[in-house]
Amino acid sequence: MEIKSFTHSDIINLCLYAGLVIILIAYSLYAKRRKHHFHIPVALFIIYFILVDLIIVVSKFDLEPALIVLKLLSTIFLTFSIIRFFAFIFIDYSFREKNIPAITRDIILAVLYVISVLVILRYQANVNLASLITTSAVVTAVIGFALQDTLSNLFSGIVLQMEKPYHIHDWICVENYSGKVVGMSWKSTKIYTREKELISIPNNIIAKSHILNYSKPDPNHIAILEIGISYDDAPNIVREAMLTTVGEHPKVNNYPPPEVRVLNFNDFTIDYQIRFSISDFENEERIKSHIMNQLWYRFKRRGIKIPFPIRTVHNVQAMPEKEEMEKNKASRRAIIHLQMVDIFSPISEEYLNSIAAKVRFENYSQYETIIREGSSGDSMFVVVSGLCEVLKKDDTGKDILIAELGENNFFGEMTLLTGEPRSATVKAKEDVVCIRIGKKDLESIMKEHSTIADAMSEILAKRKDDLDAKKNDRNKKMSSAKKEASNILLKIKAFFKI
Ligand code: CMP
């Protein structure tokens, strides 16, 4: 075999292309690490330069067929890299902005690649591949067979694109997998589950399956909870407790309004179904759990029972004694706590005893509303544990924090003493245990201990002052901000003469 020697310019070209390959490899790695799609055209350019180097080397040997193939490949890779480069500039960015799925871009690119290969083969190698494939039944059959799955995915992808049963960011359920659509390619649809897993479902499977789209026709979704409650509790009372709890949850939509249905008269329970609308499908399980949590607290306060059949059977005989013991325990506990509240400290233990037997301990979970501003009421509360926040609405309806009340503080006395609507909202900032004192109990305390009325009226007046001062302060701040804004607007208008 005859070997030609390398000229000076060959060596310079070889070094130049090798240098370019090294620089482009470094850039490609950098772009890939930053998840930049630009690394693809760069990688294609790298292959092209390697092929050019090979052409220089092979041209020195007597290997004509290899040279033809290399030249053909180098033209194909150069064309691919140019197509990918322009696709990156003109298609990728605008598609991503418009949220157009990757499949559309992939199809455009595939068509461009195929056309360019056909043209290069036709004009550089004088091979008419298109007519070769169409005339050769065997080649067509082999290619068709080999690409069966791929083509089925591709065509299913195109059908899904046209039919659009879901879009990127929709929540769907296919083949028992539910999640958020995060990508659609010519091969598969990627969904991201609530368990933070990424699942790729082939398009041909999706095309054959039932698709449940939680985000269409609108993002609202009806969540369902089912709970069994004791036969002792009247359905209307249970329904009211359920509706109040669900209605108070900030993530539950007002429309359509929550609904409670009596489902079934079961062996030990009356089964209820609570239906409510949410828009945050992603957090459905969390919202349900939060509502179940709050239901437990509300049921507990209202004496609504979630029965446990086995326990009920065992405890039937011992119930009255056990109840008596529990009552005594609670009243001893109440005395200890009431003694620690400043205003109640002058009350004798004997008298406290009779009151403590009547008061109730109530549990509230974090964020629950204990008292709502504007509502009526006939009880006050002493905080046994946890922290409550007192909130008042300003003129725009926003909540202002008035105070935080911890252990041994009391609230709700204003309405109890004056009969006026609740002056503020009191919410549990963390899980709270309170003693609820009814109007009658307080009346009898005050009749016997006149000093308590004096102490309470002083505190009440101070709290009222504080309440007015904080509200006025906020309104003043807002009205001065409004004044400032209108002054600035006047200045702008004068400056631009508008
Ligand atoms: P009431 O009006 O019955 O219901 C809301 C309660 O918030 C109110 O009684 C007080 O107990 C309490 N409250 C109102 N203003 C203050 C304040 N400035 N500091 C502490 N508690 C307050």
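Here is a short set of questions and answers about the structure above.

User: Before we start, what kind of model is this, and what are the ground rules?
Analyst: Residues are numbered from 1 along each chain as its sequence is written, and side-chain values use heavy atoms, with hydrogens and water left out. Local features need pLDDT of at least 70, side-chain atom pairs count only at pLDDT 80 or more, and totals for chains, interfaces and linings use all residues, since what we have is a predicted model.

User: Let's go to the ligand. Which residues come nearest to it?
Analyst: A residue is near a molecule if one of its heavy atoms lies within 4 Å of it. There are 17 residues around the ligand. By class, that shell has ten nonpolar, three polar and four charged residues (Ala, Val, Leu, Ile, Met, Phe, Trp, Tyr, Cys and Pro count as nonpolar, Asp, Glu, Lys and Arg as charged, and the others, Gly among them, as polar). The ones that come nearest are Gly 412, Glu 413, Thr 415, Arg 422 and Ser 423.

User: How much of the ligand's area does the protein bury?
Analyst: Look at the polar contacts, meaning pairs of N or O atoms within 3.5 Å: polar side-chain atoms lie 2.6 Å from a ligand oxygen for Glu 413, 2.8 Å for Arg 422 and 3.2 Å for Arg 463. Taken alone, the ligand exposes 460 Å² (Shrake-Rupley method, 1.4 Å probe). Of that, the protein buries 98%.

User: Which elements give two or more residues to the shell around the ligand?
Analyst: Helices (H or I, at least four residues) and strands (E, at least two) are DSSP runs, numbered from the N terminus. The elements that fit are strand 13 (399-405), helix 14 (413-418) and helix 16 (450-496).

User: Now salt bridges. How many does the count come to?
Analyst: Side chains of opposite charge can pair when their charged atoms come close. Here the rule asks for a side-chain nitrogen of Lys or Arg within 4 Å of a carboxyl oxygen of Asp or Glu. One example is a network linking Arg 194, Glu 284 and Lys 288. By this rule, the count comes to 19.

User: Glu 248 and Arg 298 meet in a salt bridge; how many residues apart are the parts they tie together?
Analyst: The N to O distance in this pair is 3.9 Å. Glu 248 is partly exposed at 25% relative accessibility, while Arg 298 is buried at 6% (buried is under 20%, exposed over 50%, partly exposed in between, with a 1.4 Å probe and protein chains only). Glu 248 sits in helix 9 (residues 235-248) and Arg 298 in helix 10 (residues 284-302), so the parts they tie together in sequence are apart by 50 residues.

User: Which residue in a loop also forms a salt bridge with Glu 248?
Analyst: The closest N and O atoms of this pair are 3.3 Å apart. The partner lies in the loop between strand 10 (369-371) and strand 11 (379-385), so the pair ties together parts 124 residues apart in sequence. At 42% relative accessibility, the partner counts as partly exposed. It's Arg 372.

User: Is Asp 399, which pairs with Lys 393, buried or partly exposed?
Analyst: Asp 399 and Lys 393 form a salt bridge, with their closest N and O atoms 3.0 Å apart. Lys 393 has 38% relative accessibility, so it counts as partly exposed. Asp 399 has a relative accessible area of 38%, which makes it partly exposed.

User: Which peptide bond is cis with omega near -10°?
Analyst: Most residues other than glycine have a negative phi, and most peptide bonds are trans. One cis bond joins Lys 216 and Pro 217, with omega about 0°. For the bond you want, its proline lies in the loop between helix 9 and strand 7 (259-265). It runs from Tyr 255 to Pro 256.

User: What is the phi of Tyr 367?
Analyst: Tyr 367 lies in the loop between strand 9 (360-364) and strand 10, and at 53% relative accessibility it counts as exposed. It isn't a glycine, yet its phi is positive, at about 75°.

Note on methods: A polar contact is a pair of N or O atoms within 3.5 Å; within protein, one must be able to donate a hydrogen and the other to accept it, and residues adjacent in sequence count only if both atoms are side-chain atoms.
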